[in-house]
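Biologist: Please take one part of this chain and look at it closely. Start from a single residue, then work outward to the elements around that residue and to the sheet, and keep to what can be read from the coordinates.

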Amino acid sequence: MTDVAIRPAVAADVPAIVAMLADDPLGAARESPEDLTPYLEALERLASDPHQLVVVAERADRVVGTLQLTVIPGLSRRGATRSVIEGVRIHRDDRGGGLGTVLIQWAIDESRRQGCQLVQLTTDRTRTDAHRFYERLGFTPSHTGFKIAL
């Protein structure tokens, strides 16, 4: 899929990113596309942190996918560095064509380039299609995650 460019997200991409984040039942309940201010502020914070990468996949000058990659140095696993993939979204019109695979493979390759020994992600337990997708890419459902809203 050579017609896709993956690049760092910029402020002009935020409307498209937020639209993708909000374009499903879970996202619709937690995102607010009508007020982009908190998203723009978050992107600014993320861009200033060398351990954070927010990227977009672009095709024909159109944002068609996004993800956030966080690199975390650690003590466990003999001081291993790991990465966490978050906020993966593919535009509704571009799903099923291999773009998600390209984007996740980019994240894995970038993690390896940054010296990570492990790549991890979480996905909502209701996203069964996403579970199958990640398993097909070699991820294993090895842990149970917990969250607490603050």
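Modeller: Serine 111 counts as buried because its relative accessibility is 1%, where the cut-off for buried is under 20%. The model is a predicted one, and everything below is to be read in that light.

Serine 111 belongs to helix H5, which spans residues 99-113. Its side chain has a polar partner in the backbone: a polar atom of that side chain lies 2.8 Å from the backbone oxygen of alanine 107. Beyond the neighbours within four places in sequence, serine 111 is in contact with Leu69, Ser83, Cys116 and Val119. Three strands can be put to these names: strand E3 covers residues 62-73, strand E4 covers 81-90, and strand E5 covers 118-121.

Helix H6, residues 128-136, comes next. Which residues of H6 are buried? They are Ala130, Phe133 and Tyr134. Viewed down the axis of H6, these buried residues fall within an arc of 95°, so they line one face of the helix. The general spacing agrees with this: an α-helix has 3.6 residues a turn, so residues three or four places apart point the same way. The buried residues of H6 pack against E4, H5 and E5. On the face turned away from that buried side are the exposed residues Arg132 and Arg136. Just after H6, glycine 138 has a positive phi of about 105°.

Two loops lead into these helices. The loop between E5 and H6 holds threonine 126, which counts as exposed because its relative accessibility is 56%. The side chain of threonine 126 makes a polar contact of 2.6 Å with the side chain of aspartate 124. From threonine 126 to aspartate 23 the C-alpha distance is 15 Å, with their positions 103 residues apart in sequence. The other loop, between E4 and H5, holds glycine 96. Glycine 96 counts as exposed because its relative accessibility is 87%. Its C-alpha atom is 17 Å from that of leucine 67, which is 29 residues away along the chain.

That leaves the sheet. Five strands make up an open sheet in the order E1-E2-E3-E4-E5, with mixed pairing. E1 (5-8) and E5 are the edge strands; each has a single partner strand, so one side of each is left without a neighbour in the sheet. On average, neighbouring strands of this sheet are turned by 30° against each other, direction ignored.

Taken pair by pair, E1 and E2 (residues 52-59) are antiparallel and share four bridges; here isoleucine 6 has alanine 57 of E2 as its bridge partner. E2 is mostly covered, with seven of its eight residues buried. E2 and E3 are also antiparallel, over eight bridges, and in this pair arginine 59 is bridged to arginine 62 of E3. The two strands form a hairpin with two residues between them. In that turn, alanine 60 has a positive phi of about 50°. E3 in turn runs antiparallel to E4, again over eight bridges, and threonine 66 has arginine 89 of E4 as its bridge partner.

To return to the starting point: serine 111 is buried, at 1% relative accessibility, and its contacts include Ser83 and Val119. H5, the helix that holds serine 111, is also one of the elements against which the buried residues of H6 pack.

Methods
Residues numbered from 1 in each chain as written. Predicted model: local features only at pLDDT ≥ 70, side-chain atom pairs only at ≥ 80, totals over all residues. Heavy atoms only, no water. Buried < 20%, exposed > 50% of the residue type's maximum accessible area, 1.4 Å probe, protein only. Polar contact = N/O pair within 3.5 Å; in protein donor to acceptor, adjacent residues only side chain to side chain. Arc of directions from axis to C-beta. Contact = heavy atoms within 4.5 Å. Pairing = 2+ DSSP bridges. Axes fitted to C-alpha atoms, helices over the stretch in contact; angles between N-to-C directions.
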